[in-house]
Amino acid sequence: MDIKEILKKFWFIILIVVVFVGFVVVYAIDSFKNRPIEMTAKEVDGQYLIYSIGDQNYTADELYDELKEGYGTTSIYREFDRLVCDAAIKTTSEMENVAANQSAYLLQNYSEEELNSQLQSVGFSGVDEIDEYYIYIQKSLELRTEYLKNHYDEYVAPFMEEKHPKIISHILIKVADVEEVKNEDGTTSYVAHPTKEESEKLTVVEEELKARPFADVAKEYSEDSSSENGGLLGYFDDDNSTYVEVFKKAAKKLNEGENSAVITSEYGYHIIRCDSENPEDLYGYTDFINNIFGDDVVLYNAPLLEKAKELNITINDETLNDSLMSQISDESEGE
Amino acid sequence: MKKLIVLLCLILLSGCAAKTSVSDPSASIISGDGVSLSKQAFFENLKNNDYTQIIVNNLFKDLATLENIDENTINEQAEASLEEVKEQYGSSYDKVASYYGGEDVLLESFKIDAIAGILADSYFDANQEELLEEYKPVKAKIIYLDTREKAEAMIEEIKNGTSYEMAAAHQGYGSEVEEKVYTDKSDISLEVKSVLQSADEPMLSSVILSVVSATDSEGNTTSEDRYYVADITNVDPTTFMDEFYDYLASEIDTADILNYYMVKYDIEVYDQRTYELMSKTYEEFK
């Protein structure tokens, strides 16, 4: 068969092959053009270079020294905290699930560039370590929670006594017409002018609460997003700054298991419930843990240092160790 | 055949990029029961910080050496800047210095500023022809008035021998009129720019009308007629190069100047993270 005959007989196959090869070539050229530039390491006199310009060299050791001076204390703190948390607390599948959910949410809502920048600012390499970051956050919280449990009398009990932490829920019945009244003492109170329907709804809720659990009634009648969780608002203490004044005043007075009287805010009627004042329940709330530590850097890091000692984890670079300990340990208090 | 295979393997291996390493990379920074952090791993972690400024400062120092900039000149300029700051802040200077990390750090940053200034001037010298062509600088005094009558009256007065400043004051122009360098890139109205660029000798302009549009807070578009009077005082930039350089120093990005020198001295980068960090701003860092 000569070429003409082959072309005539297999023209369709040849056409497909030509088109396919064309696609492959275009794809290969495109990939080549967009490939990330790969740097090749270079060594001079036994030292790796970061860059060279003219006859001047800037070495990895020089960069290391400058980075250590500028960011050493912050970076060693992150690494130390991370390693101690990793060694002290086992990664559970629950932690992995929480981390995976949080990562998925962020990856869906933020660009890779934004996330890389945020993660790098807290010492992680980028989105490739996003799950590790959220696992670390959980471990760090658990380490500190355990410490507080073990030092209940020292730190938790005084805080409970002073700030009256609790877990609260509420039922909101919206009232469209609420009048704001300025009191003589400078405070603000609210007077509701409910419609017939709004009044009736309040009566129904009050009756229902006599017979059914608070969470069930909240789920059925409350008119805000917390209704999905049985009206659960979560952590509350005397320093709370989230809620309106009249709400805080009523919530502060409640003891475990008590419901407030009906109070009126700019949003309408509320009935608040104190679900728990039990520390075992409160430990599950990050705000509870963080508020006990407050701004006390030494106390916040006491669990870290205690655990590091227990696990014989040490910082072997003297400069970094001294610099860090002067900021986070008891030594810093005397300065 | 065997030799060929060995050769191919060697070629492949030589193409593999090794990682930039610190000396004594396996030295232990953190150790303990079941955990360790090597010096190299800590180095990689440190490189997660944004250290652009460290690299830029080092580049400036290297360029100072390469360009043979006199160290005494750098020190003198830096110390003069430090004295200015001391004078400016008086008794609160110590607090300011401490905020920046101490006097040494402050002085070091003024040294970098001094080098950057000297390098910028050299860059301008080396690219003078292109910069003059690109910017087309002239010196002029320019004001605008709200009516054509006022602008015409002002021009008439100047032609009769009154100074530009006095004539402006007579038309109710309260501010001092400053003679400045204007260029093709100055943020002034296109109509005025066109008059400045077409002047080939010092001259007083006729009335230049420019209509300025603006959008108010309610989204309505309004327009305002402005009547400019320009006194073009110098069209020969070779006689005001220092002022032109001062203008350029405030206009041109440091990145442009660094990019120029990185090409001039053929920069070679060997560290991936540093390349990724720097090349976002400095396109010649590669």
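**A tour from hairpin to chain contact**

Start by selecting strand β5 of chain A, residues 178–182: this strand is hardly covered, with zero buried residues among its five. Buried here means that 20 or more other C-beta atoms lie within 10 Å of a residue's own, with C-beta atoms placed from the backbone. Strands are DSSP runs of E with at least two residues and helices are runs of H or I with at least four, numbered from the N terminus.

You are looking at a predicted model, in which local features need pLDDT of at least 70 and side-chain atom pairs count only at pLDDT 80 or more, while totals for chains, interfaces and linings use all residues. Residues are numbered from 1 along each chain as its sequence is written, and chains are lettered from A in the order in which they are written.

Next, add strand β6(A), residues 188–192, which runs antiparallel to β5(A) and is joined to it by five bridges; strands pair if DSSP finds at least two bridges between them. Click on K182(A) to find T188(A) of β6(A) opposite. Five residues link the two strands into a hairpin, and in the turn G186(A) has a positive phi of about 90°.

Now show both chains. Which strand of chain B pairs with β10(A)? That is β1(B), residues 28–32, in the antiparallel sense over two bridges. Pick I315(A) and you will see its bridge partner, I30(B).

Finally, select the whole contact: 41 residues from chain A and 41 residues from chain B, where contact means C-beta atoms, placed from the backbone, within 7 Å. On the chain A side, β2 (47–53), β3 (56–59), α3 (60–88) and β10 (314–315) each supply at least two residues, and α3(A) gives the most, with 14 residues.

Methods. Contact = placed C-beta atoms within 7 Å. Buried ≥ 20, exposed ≤ 12 C-beta atoms within 10 Å, placed from the backbone.
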